[in-house]
Amino acid sequence: MVNTTLPVILLRGVVLLPYSEIRLEVNSDIDKDTFELAEKMHDSNVLIVPLTNPLEESVNVAQLPKIAIMGKIKLKMELHNGITRAIIVGLNRVSVQGYSNREENPKILEGTVGNTTQFAITPKDEIILMRKLIKEFEDYIETRHDLSNGIIAEMAEIKSIAKATDIIATYIPVPYERKIEYMKTVNPYTRLLMLLEDIKKEKQLIELEEKIDTEVKKQLDATQREFILREKLRVIKEELGDVDLKDNDIDQIKSKIDEDRYPARIINRINQEVKKYELLSTNSPEISTVRNYIDWLLDLPWNKTTVDNTNLIQTRKVLDASHYGLDKVKDRIIEFLAVRQMKQDVKSPIICLVGPPGVGKTSLAKSIANSMKRNFVKISVGGVNDEAEIIGHRRTYIGANPGRIISGIKKAGSSNPLFLIDEIDKMTKDYKGDPASALLEVLDQEQNQTFYDNYLEEEYDLSQILFILTANYLSNIPEPLRDRLEVIELSGYTEYEKLDIVKKHILPKELENHGLGKSSIQISDETIKKMISHYTKEAGVREIERLIATICRKAVTDIVSNEKKKKRYKIDVENLESYLGKQKYFYTEKEEADKIGIAVGLAYTQFGGDILPIEVTFYKGKGNLVLTGSLGEVIKESANIAISYIKSHYDEFGIDYKLLENNDIHIHLPEGAIPKDGPSAGIALTTALLSAFMNKPINHKVGMTGEITLQGHVLPIGGLKEKAMGAHRSGLEKIIIPSKNKRDLDEIPMEIKEDLEFIFVNEYKDVCRALDLSKDNRKFLE
């Protein structure tokens, strides 16, 4: 054949051989143009070229094969969906001299082809080879139930070995790469040898499959039919000489024991479990349980520890950078690290942080872990009512696993992490068990060296772990558990502390989270104070953080929505309402003038301090006492003590006793929906009563707090810092406090101490002097 040029059809994953057909369905314009060119100019002849790598997206012409198949378009039809269907018959092999793009249409690939080398075989040799090929193919057909015997009759009429090898090759299930080898092999004798080799391999595989089926059927009975596929897989691996999966597992377990450091008792336990694992059948339901237990023993960090940060200054800097205040906790951690440097085997403290929500208990624990360079792990036991959650389930139960303590240690990856147990006060107790009692061993420094988990069945040393617990209410923690804890109480943040936290931590963080620059939003101190006092009512800073985020979102929305973008947003008291809406909360304001029967007490809640006006009036009656304002039992007792004190000293105050006998007394504390309790309103109650009965007004700029006894002694109170801040916020100028509370003045911010005058009293007569209640009663003052 004279060299000629033919349009090329590229095939992916399919090989066309001479004397066989292939059906193609194409929808690309290039393939359609190629078919049209072949029909018009090449008598429907095309060059069929398979890609060596069918996964290639782009075609590398240099890598296309130099031997290809010249085919003829036997049938072509256009389908209704724009697809062209064509049947191509393979004619013969051709030698490709080169590939090029057609000048008129560069997208069409053409190949210059010529005759391949011709190999001569004597008629005698050809007959012998044909007999051998036909015999092997007949034997192969007998093993293939999916092939028709009509193929044998078809092959009997063929005398050419070249044609016979090409036809038989289409019936042998060989890989794509092997099919390309058949196409590229011009010598029919070589193709014959390749066919004989492939037929022999296929026959061996078929025999092996039959052998596997036979062996599997012998081993199965009525109860094992569901495992047919697993047994086939096992026999296949044995025949191929592959190592059993279980053998691989055992080798990995042994190598891991050699690589890592395990206590001797754990190595012995693992070896015992491995022996049990070896004896179990792969179909045994217990095998997964044993394997899971071995994994737990291997994965726990028995002897792995991290090195603590010994730089105490750096540790303190990390803690201060992440949390404002909370000095008691920080000092305790620094003390522990200092003692650790002096004595390596010191026991880790078990600290319980108690405080209202949002004051930073959980985040402080993370910060402590970072400062000490320890791994951190956290579990929450709020709502847990099953002791197995702590000490694990026994392995006899289906789906058993270790408890949360051991699971947390595995997650931490070291034997000395910082372990946070959150919401310790919210565990419950019912018929399933008492998880608080299960924690006794975990949190006892004398016992947790030999902590026993029901699933693990081996002792684990917890003494190196730094446990930090968090709770909102100390009273909800059972007494035996509380006795094992080093309790550090965290009070709510004051207004000034919140102001500092917002400026140094929250505002910069929210600006970064919203993609704003450091100076994009400016909020004045007065504005932040208003947000704290009139838009939030919390001990922590979560709500104020949400408010700052709201302002940032509105600023971002304004920047994105408007073409004229502001570079800086100033938030002040005047425009705050446009960002956050109407203020939500109101603090009690002092009276505008001195009034009879009204004294200003001081209140302390978890949300901060406030003033507490106490109103007293009396009217004709029989000496009954009426108390209103949602009062608790303790504050009711304080009111009774105040009346008894006044009655016992009525003459010294110059009060007509008949007023006390013939009138009903009504004491009211405003904001009746808010519960009030505690003994610290004692002197304020007494003062309001005296004001009413003596008909003398009390200075509205003076607040007071202190418990009173029947003898007139004034006892110390709690929450002085918060009460002083509430008084300062409400505009008071003086506050009367018990002398024994002098020690608490150090906790009060300096700017408040400069604006407020503190009057210290030991007896109620000192209160009278300060308020000038008894200027006409020298006997009492003496």
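Which residue stands opposite Ile488 in S13? That's Leu353. This is a predicted model, so let's start with the sheet around that pair and work outwards.

**The sheet**

Strand S7, residues 350–354, pairs with S13 in the parallel sense, and four bridges hold the count for that pairing. Both strands belong to an open sheet of five strands, ordered S8-S9-S12-S7-S13 with parallel pairing. S8 and S13 stand at the edges with a single partner strand each, so one side of each has no neighbour in the sheet. On average, neighbouring strands here are turned by 20° against each other, ignoring direction. As background, strands of a sheet pair through backbone hydrogen bonds, either parallel or antiparallel.

Here are the strands with their residue ranges:

| Strand | Residues |
|---|---|
| S7 | 350–354 |
| S8 | 376–380 |
| S13 | 486–489 |

**Helix H2**

Next up is helix H2, residues 123–143. Its 21 residues should span 30 Å at 1.5 Å a residue, and the end C-alpha atoms sit 31 Å apart, which agrees. Buried residues in H2 include Glu126, Leu129, Met130, Leu133 and Ile134. Glu136, Phe137, Tyr140 and Ile141 of H2 are buried too.

**A nonpolar patch**

On the surface, Leu10, Val59 and Val61 make a nonpolar patch of about 180 Å². Val59 is found in the loop between strand S3 (45–50) and strand S4 (67–78). Is Val59 buried or partly exposed? With a relative accessible area of 36%, Val59 counts as partly exposed, because that label covers values between the under 20% of buried and the over 50% of exposed.

Notes
Residues numbered from 1 in each chain as written. Predicted model: local features only at pLDDT ≥ 70, side-chain atom pairs only at ≥ 80, totals over all residues. Heavy atoms only, no water. Patch = residues over 30% accessible without salt bridge, like charges linked within 9 Å, V, L, I, M, F, W, Y side chains within 5 Å. Areas by Shrake-Rupley, 256 points an atom, 1.4 Å probe, with all protein chains shown as cover. Salt bridge = Lys/Arg side-chain N within 4 Å of Asp/Glu carboxyl O. Helix = DSSP H or I, 4+ residues; strand = E, 2+ residues; numbered from the N terminus. Buried < 20%, exposed > 50% of the residue type's maximum accessible area, 1.4 Å probe, protein only. Expected span 1.5 Å × (residues − 1). Pairing = 2+ DSSP bridges. Axes fitted to C-alpha atoms, helices over the stretch in contact; angles between N-to-C directions.
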